[in-house]
Amino acid sequence: MSSTNTRLKPAPEDEPDSAPPPAERTGTREVTATGTRDVTATRLTGPLGLGQAEATSTLIAPLEAGELPNVAAIKGPRLDQLLLLTTIALVVLIVGLLAALSVASTQAQFEETARRSTERIQEQARELGRTVGQTIALTSATNLRDNNYAFLEEVAGSVVKSNPNILRVQIFDPDGVRMADSAPDAKKEPAPEPATARTVERRLVEAFYQNQPVFEIQEPIDYGSSSGKGLVVLSYSLGALQKQLEVLEQDKRATVRSNTVRMLGLGLGFVVLAGVIAAFQSRRITRPLGMLTGKVMQLAAGDLGARAGTARGAGREVATLGVVFNHMAERIKVLLDDVRAKAQLEREVSLARTVQETLLPGRDAVQVGPVRIAGLVVTADACGGDWWFRAGLDERRVVIGIGDVTGHGLSTSLVATSATSGFASAMTLREPSQVNAQMLITALNVTLANVGRGEHQMSSALAVIDVSNGYIDYAAGAHPSPLVFNRNSGQVASLPARGPLLGASVTSQFTSRQAQLRPGDVVVWYTDGLTESRDGSGRLYGTQRLAAAVQANAHLSAEALRDALLADARAYSAGQPQRDDITVVVAEFSPVA
């Protein structure tokens, strides 16, 4: 800090082993009686502190245009092309299935017709054959009995002539001898055919005659012969059936061909129509998507004013996507504005912290005659409301001040910084001989009341120590009384002083008290952030534990005792967040015997 009228000299390095760990520092110059020296405003980052303020986040700027993804390198068909190809493929598949179903249905229909025709013709052939066979059998029975074979020949020939579907008529006797045959080139066998050649029974079998498929219809002739029954065999032609089946096959082929051509024409028409509709609809859908994609790219490029228009005809989902995009873009704009404001605030906080650290005394102890002074502020946030001060008033007296502005954060740090500056200025308003604790705390109250305008109050404790004889003049305003421990007697006492909170009113009255320090006395000033530290169960650190910690570590130097007290408080509240700023100032009075 830039101190005024200061005569404090740095303390010698007498305990290197207990030196505190390195800490972050901001360099300044302090004026002393012997010249200038480098001092540091220290923020505790080593193991002796009770916490460390979280580092401020860094604002990440939006992507520049050159940093955007290379969307041109993305390969593949467009969405409208995919929709068009998918629609055409679907239509082709449906038309193909319908065509195949039509062909299969037509074939099945014709096959069923052919089957029924075949069955009908076969049944007609059976009925006709049975009728004719029975007629010939009745007619042939008498002629066979009378051996009138010539008449049988005439009967067989007349049957063939009168019915073109009957190609041949044969009459056999019980011995299987062919007695009549309508075939002009048939030869009569002189000897009977074997009896096993034909089975004398009524039946219908398929056979071939003159390379034509025929039904052979057999009808037994019972004419009372002792040898058995005769047999009439009719060869019924299936040519008509074959012709009818051929006609059906030709009709089937023609119908299938016609249906196929018709389905192909319809399919081509459907494909063209579906392609036109799909192209129109896909374009109607993808145009808003393309516009939305362009707006997204503008937003990614940093154009926070990019907004999507109303998507008409593209479906509820696309319209919803546009509305959501506009909402998202608006939220991004608001968030980025907040981030920028936060970044600006962080920069201001960082600057305020730097100023505050510059004005606070350094971490190193100073030695003024028999008095050695060391102090440290550990903030709960980036900026704190605690402060402390040390300065030489004249050749014999040194001033020590400590304060705690209500709350913590940027505003309290500014008030604390103003209080520190006001405190330093108050020392220069009068001659050193006229400066005392009451005057200083009264001036500090007026300064804070004017700066805080009643919105900020502060507790504070001030002391003016005469290093030649240990005489101390002290005053306080709603601040915890400092502890006094004597190394020689082991007794613990305090320096109580009453007064209102500083900054509440410019007319507030303060009084000072005086005491005599004894050799070996150690005075510990602190803010309530130390005694109000809590463990995991919520219990306070308290003044009793503080007194015990002072007693246990009183043999240490001022700076080592300060660090030991901070370390004890940190161990007590291990794992718990630091709730308030903590300041500890230690002054030891050790005159040479």
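1. A residue is called buried when its relative accessible area is under 20%, exposed when over 50%, and partly exposed in between, with a 1.4 Å probe and protein chains only. By this criterion Thr-583 is buried, since its relative accessible area is 0%.

2. The structure is a predicted model, in which local features need pLDDT of at least 70 and side-chain atom pairs count only at pLDDT 80 or more, while totals for chains, interfaces and linings use all residues. Residues are numbered from 1 along each chain as its sequence is written, and side-chain values use heavy atoms, with hydrogens and water left out.

3. The protein chain has 593 residues, of which 43% count as buried. It contains nine helices and 19 strands, where helices (H or I, at least four residues) and strands (E, at least two) are DSSP runs numbered from the N terminus. The chain exposes about 30,700 Å², with 55% of that supplied by carbon and sulfur atoms; accessible areas come from the Shrake-Rupley method with a 1.4 Å probe, and for residues only the protein chains shown count as cover. Contact means heavy atoms within 4.5 Å. Among contacts between residues at least 6 apart in sequence, 69% join residues at least 24 apart.

4. One open sheet has five strands in the order β5-β4-β8-β7-β6, with antiparallel pairing; two strands pair if DSSP finds at least two bridges between them. Its edge strands, each pairing on one side only, are β5 (178-181) and β6 (203-209). From one strand to the next the twist averages 25°. Axes are lines fitted to C-alpha atoms, for helices over the stretch in contact, and angles run from 0 to 180 degrees between N-to-C directions. Within this sheet, β7 (residues 212-221) and β8 (residues 230-237) are joined in the antiparallel sense over eight bridges, and Leu-231 in β8 is the bridge partner of Pro-220. Helix α2 (residues 149-162) lies across β4 (166-172) and β5, at about 160° to β4.

5. A further open sheet of five strands follows the order β11-β12-β13-β14-β17, and its pairing is antiparallel. The edges are β11 (386-392) and β17 (512-516), each of which pairs on one side only. Here the twist averages 15° from one strand to the next. Helix α5 packs on the sheet, touching β11, β12 and β13, and its direction makes about 15° with that of β11. Helix α6 lies across β11, β12, β13, β14 (471-477) and β17, running at about 150° to β13.

6. Strand β11 merits separate comment. Seven of its seven residues are buried. Asp-386, Trp-388, Arg-390 and Gly-392 point one way from β11, and Trp-387, Phe-389 and Ala-391 point the other way. In a regular strand the side chains alternate between the two faces of the sheet. Strands β11 and β12 form a hairpin with four residues between them, and seven bridges join the two in an antiparallel arrangement. One of the facing pairs is Phe-389 and Gly-401 in β12. On the next pairing, β12 (residues 397-405) and β13 (residues 458-466) are antiparallel over nine bridges, with Asp-404 opposite Ser-459 in β13.

7. Helices α5 (residues 410-426) and α6 (residues 437-452) pack at an angle of about 140°, their axes 9 Å apart. That makes α5 oblique to α6, as angles under 35 degrees count as roughly parallel, over 145 as roughly antiparallel, 65 to 115 as roughly perpendicular and the rest as oblique. The residues of α5 that meet α6 include Val-415, Ala-419 and Phe-423, and those on the α6 side include Leu-440, Leu-444 and Val-451.

8. Thr-583 is found in strand β19 (residues 582-589). Leaving aside neighbours within four places in sequence, its contacts include Asp-386, Trp-388, Ile-402, Trp-525 and Thr-527. Thr-583 and Ile-402 are 181 residues apart in sequence, yet 8.1 Å apart in space, C-alpha to C-alpha. Thr-527 lies in the loop between β18 (521-526) and α7 (528-531) and is buried, with a relative accessible area of 0%. Not counting residues up to four places away, Thr-527 touches several residues, among them Asp-386, Asp-404, His-479 and Asp-581.

9. A backbone detail deserves inspection at Ala-478, which has a positive phi of about 55° although it is not a glycine. Ala-478 is located in the loop between β14 and β15 (483-486). The residue is partly exposed, with a relative accessible area of 42%.
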